[in-house]
Amino acid sequence: MTKAIRLHAYGGPDVLVYEDIEVPAPGPGQVRLTQTAAGVNYLDIYHRSGNHFANLALPAIPGVEAVGIVEAVGAGVTHL
């Protein structure tokens, strides 16, 4: 099973939940990665807090900077 840190509510660090998730096959124009590194920056804090210009639909997995290995590609992906 894959693990992820997810938000089910906006707030402080206490709203971050480490849990099992299902990772579906990639859809058209998408890729699936095995993530090997991640960056954490202020945008992630804004997402977690529900800042008005950075709202995420909940539940959500925060994070906008990542490095990984492409494991699968969806239809139409030709550049990876």
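This report walks through the fold, salt bridges, largest pocket and surface of a predicted model.

**Overall fold**

Let's start with the chain as a whole. It contains one helix and four strands, and reading along the sequence gives the order β-β-β-α-β. The strands are β1 (2-7), β2 (16-21), β3 (31-39) and β4 (65-73), while helix α1 covers residues 42-49. If you would like a feel for the dimensions, the C-alpha trace spans about 40 × 30 × 20 Å along its principal axes. Of the 80 residues in the chain, 20% count as buried.

**Salt bridges between β1 and β2**

How many salt bridges does the structure hold? There are two, and the table sets them out with their closest N and O atoms.

| Basic residue | Acidic residue | Closest N and O atoms |
|---|---|---|
| Lys3 | Asp20 | 3.1 Å |
| Arg6 | Glu19 | 2.5 Å |

In the pair formed by Arg6 and Glu19, Arg6 belongs to strand β1 and Glu19 to strand β2, and the pair links distant parts of the chain, 13 residues apart. The other bridge is the one between Lys3 and Asp20. Because Lys3 sits in strand β1 and Asp20 in strand β2, this pair ties together parts that are 17 residues apart in sequence.

It is worth looking at how the four partners meet the surface. Lys3 has a relative accessibility of 42%, so it counts as partly exposed. Asp20, at 44%, is partly exposed too. Arg6 is also partly exposed, with a value of 22%. Is Glu19 buried or exposed? Glu19 counts as buried, because its relative accessibility is 19% and the cut-off for buried is under 20%.

**The largest pocket**

Next, have a look at the largest pocket, which holds about 900 Å³ of space. Its lining is made up of 27 residues, and those closest to the pocket centre are Ala4, Ile5, Gln35, Ile61 and Pro62. Which elements contribute at least two residues each to this lining? They are β1, β2, β3, α1 and β4. Strand β3 gives the most, with seven residues. By residue type, the lining divides into 17 nonpolar, five polar and five charged residues.

**The loop between α1 and β4**

The loop between α1 and β4 is a good place to pause, and Pro59 is found there. The peptide bond leading from Leu58 to Pro59 is cis, with omega near -5°. Ala60 lies in the loop between α1 and β4 as well. With a relative accessibility of 9%, Ala60 counts as buried. Between Ala60 and Gly76 there is a separation of 16 residues in sequence, and their C-alpha atoms are 26 Å apart in space.

**A nonpolar surface patch**

Finally, turn the model to find a nonpolar patch on the surface, formed by Tyr42, Leu43, Ile45, Tyr46, Phe53 and Val64. Together these residues have about 580 Å² of accessible area. One of them, Tyr46, is part of helix α1. Why does Tyr46 count as partly exposed? Its relative accessibility is 31%, and partly exposed covers the range between under 20% for buried and over 50% for exposed. Helix α1 is thus worth viewing twice, as it carries Tyr46 and also supplies at least two residues of the lining of the largest pocket.

Notes:
Residues numbered from 1 in each chain as written. Predicted model: local features only at pLDDT ≥ 70, side-chain atom pairs only at ≥ 80, totals over all residues. Heavy atoms only, no water. Patch = residues over 30% accessible without salt bridge, like charges linked within 9 Å, V, L, I, M, F, W, Y side chains within 5 Å. Areas by Shrake-Rupley, 256 points an atom, 1.4 Å probe, with all protein chains shown as cover. Salt bridge = Lys/Arg side-chain N within 4 Å of Asp/Glu carboxyl O. Buried < 20%, exposed > 50% of the residue type's maximum accessible area, 1.4 Å probe, protein only. 1 Å grid on protein atoms, 1.4 Å probe; cavity = no way out; pocket = protein on both sides within 12 Å on 5 of 7 lines; lining within 4 Å. Points joined across faces, edges and corners; volume = space filled by probe spheres on them. Nonpolar A, V, L, I, M, F, W, Y, C, P; charged D, E, K, R; others polar.
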